Amino acid sequence: MSVSVSHSNSLDNYGTHLNMGLIGGRPLTLTTTKDTSGGTLSFTMQGGQGQPQTFTATESFSQIENKIDSINVVDYAKRFATKLQNEMNGYGSAKQTYQYSLSLRSPANDSITISAQEDITGWFTPDMFTKTRDPNTGRWKVTYNDTNANKNTLDTRKGELKQHILDAFENTDLDAKTAGPIQAELKPYHEDAIENIRYTSKSTESGRELMIQSSSRAWDAIPISLHAMNTGILDVETVDVSSYQSAGTSLNQIYGAIDRVSEIRTEFGVTHNRLENAMSIDDIMAENVQAAESRLRDADMAKESVANALHQILLQSGQSMLAQSNQSPENILKLISS
């Protein structure tokens, strides 16, 4: 869910900003108060030496709900079919959004518009569409299956959409300044729903990715791509053997699908080997650590103490003999001189 704000030209008394009166010609932050009582959104702005101005929504929350209830979901499904067709033919993106713009006006007829946008791509499922491919041009054609079951399925999503749109308007705060644009902040916000990976024709880029941490270092992970692998993406959703030419085309589609599945299986095999190697290395390290710990715990402290004492005695004896050998030349010189 995203929110944007715009305002009318009549609001533009100081360049691009609301004229609420300046103190000494200096910019001044406005005090903005939000009111959602009575099921209607309004903002009262006070700043400088001007009089407060109240911007009230031209539609109540119940009117917004009624408008969303009256959405023709079939129109949106047909638009999505066109976008999906374009994506499968190599251009465009199969993403469908719904936008609702709420206008707020002041008694002086100044206006502020708040627009909330929701991603509704996840409303649509593969069985709602029929995909056919021209054997001569190779281009795809996607049409929406206009059935009561599909329409009812889409209609059930309107309640969720209403809640998100109303939450967006109720949680929007305006930050207005006499020397800056009017801005909106939505809190809390709704994250976009995860788009169903089956809706893209690019199976190599459509899946989600699972990251498995492989060491104690940050970002050191083994990625596992979870590819979308349905019949539509593998290009075997429609197989025609009614003629020699169409059968040959279908065989190419099937072999292409087999090759694609083999590629993904090979990729999983490589990842599996990496994980096995990492696990083997971890097992060896754990065994070495355990062995070292065992040697430390099983050490004969008495034997080690005697060996340490012997080492100290030998070291001190060596130092004593060295000192005595250094004194011998001095003694000989004393005898000669005497």
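In this predicted model, strands β7 (residues 129-133) and β8 (residues 140-144) pair in the antiparallel sense over five bridges. The two strands form a hairpin with six residues between them. Strand β8 also gives two or more residues to the largest nonpolar core, while helix α6 spans residues 244-297.

**Hairpin β7-β8**
- R133 stands opposite W140 in β8.
- G138, in the turn of the hairpin, has a positive phi of about 75°.

**Largest nonpolar core**
- The largest nonpolar core has 40 residues.
- Within this core, L41, I64, Y98, F124, I165 and F169 have the most contacts.
- Two or more core residues come from each of the strands β3 (42-46), β4 (53-57), β5 (97-105), β6 (111-119) and β8, and from each of the helices α1 (61-69), α2 (73-88) and α4 (158-170).
- Helix α2 gives the most to this core, with eight residues.

**Helix α6**
- Helix α6 has 54 residues and reaches 79 Å from its first C-alpha to its last.
- That reach is close to the 80 Å expected at 1.5 Å a residue.
- The buried residues of α6 are S246, S250, Q253, A257, R260, I264 and T271.

**Nonpolar surface patch**
- V239, V241, L251, I254, Y255 and I258 form a nonpolar patch on the surface.
- Together these six residues, V239, V241, L251, I254, Y255 and I258, have about 570 Å² of accessible area.
- One of the patch residues, L251, lies in helix α6.
- L251 has a relative accessible area of 48%, so L251 counts as partly exposed.
- In soluble globular proteins, nonpolar side chains tend to be buried together.

Technical notes
Residues numbered from 1 in each chain as written. Predicted model: local features only at pLDDT ≥ 70, side-chain atom pairs only at ≥ 80, totals over all residues. Heavy atoms only, no water. Helix = DSSP H or I, 4+ residues; strand = E, 2+ residues; numbered from the N terminus. Expected span 1.5 Å × (residues − 1). Buried < 20%, exposed > 50% of the residue type's maximum accessible area, 1.4 Å probe, protein only. Patch = residues over 30% accessible without salt bridge, like charges linked within 9 Å, V, L, I, M, F, W, Y side chains within 5 Å. Areas by Shrake-Rupley, 256 points an atom, 1.4 Å probe, with all protein chains shown as cover. Salt bridge = Lys/Arg side-chain N within 4 Å of Asp/Glu carboxyl O. Pairing = 2+ DSSP bridges. Core = buried A, V, L, I, M, F, W, Y, C linked by side-chain atoms within 4.5 Å.
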